[in-house]
Amino acid sequence: MNSTPALLNRVLLTVLGLVLVGAGLLLVLLATVPPVAPWWHSWSGWAWGGINHLFDATRFPGRPESWLWIVAALVLLALMGLMVAWIAQQGKGRSNLLVEEYDPGNTPGDIRIGGGVAEQALKHALEGRPDLAGATIATYDVKGSPALKVRLLPRQGVAPHLLAAEVSELITALESVVGGEIPVLVHIGAGARTRFSRAERVR
């Protein structure tokens, strides 16, 4: 429901993981396989010589400095900007406003109900239930309209459709209080808390 770039995050994590695995594998081979060390020394020496030759060939006229350092600095600045933009995209979409309407009654004005009202009400209604290992409620802004996301972690043996029906009744009661329909996403999942927590029979 939010605008977090999940696909980009997975790609970056995959690339970073492969790089770390490759570096770790190389270190293990250098420490355990004797023929790898001479190959690494020869290859690294050849690579370092190529880099030095490249920098020597790109010096400013009459100066020992290479203009490649300027290119490297610009690339690093661009990379930093991309990282800041990527960090800014994480978790976007959260909202703290659930209802906003204009009341033209005797005292005209705007009516606003914060998302914390719905979040706390549903959390209070769901806490202490023996059929739930956890519940998370959050308010999001979806295309300019507020919506709720209810994430439930039922214990083993709990029927998901019955749990969803009970949550729907709670949401209907909440809508009657706030005076309008609220788009809701009910996510029923499983996790370590549901697998390793003590199972309880639900009647």
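In this predicted model, G134 finds its bridge partner across in β4, namely L153. A135 is also bridged into β4, and its partner there is L152. These pairs belong to the contact between β3 and β4 (residues 145-154), two strands that run antiparallel and are joined by ten bridges. Getting from one to the other takes little chain: β3 and β4 make a hairpin with two residues between them. K143 sits in that turn and has a positive phi of about 55°.

On the other side of the story is β5, which runs parallel to β4 and is joined to it by five bridges. Here R151 stands opposite H187 of β5. The chain doesn't go straight across: after β4 it passes through helix α5 (residues 160-178) before arriving at β5, and this β-α-β crossover is right-handed.

Put together, the three strands give an open sheet in the order β3-β4-β5, and the pairing is mixed. β3 (132-142) and β5 (184-188) are the edge strands, each pairing on one side only. Neighbouring strands of the sheet are turned against each other by 15° on average, with direction ignored. As for what strand pairing involves in general, strands of a sheet pair through backbone hydrogen bonds, either parallel or antiparallel.

The sheet also has a helix packed on it: α4 (residues 115-126), which touches β3 and β4. The direction of α4 makes about 165° with that of β3.

Key
Residues numbered from 1 in each chain as written. Predicted model: local features only at pLDDT ≥ 70, side-chain atom pairs only at ≥ 80, totals over all residues. Heavy atoms only, no water. Pairing = 2+ DSSP bridges. Helix = DSSP H or I, 4+ residues; strand = E, 2+ residues; numbered from the N terminus. Axes fitted to C-alpha atoms, helices over the stretch in contact; angles between N-to-C directions. Contact = heavy atoms within 4.5 Å. Right-handed = clockwise from strand over helix to strand, strands pointing away.
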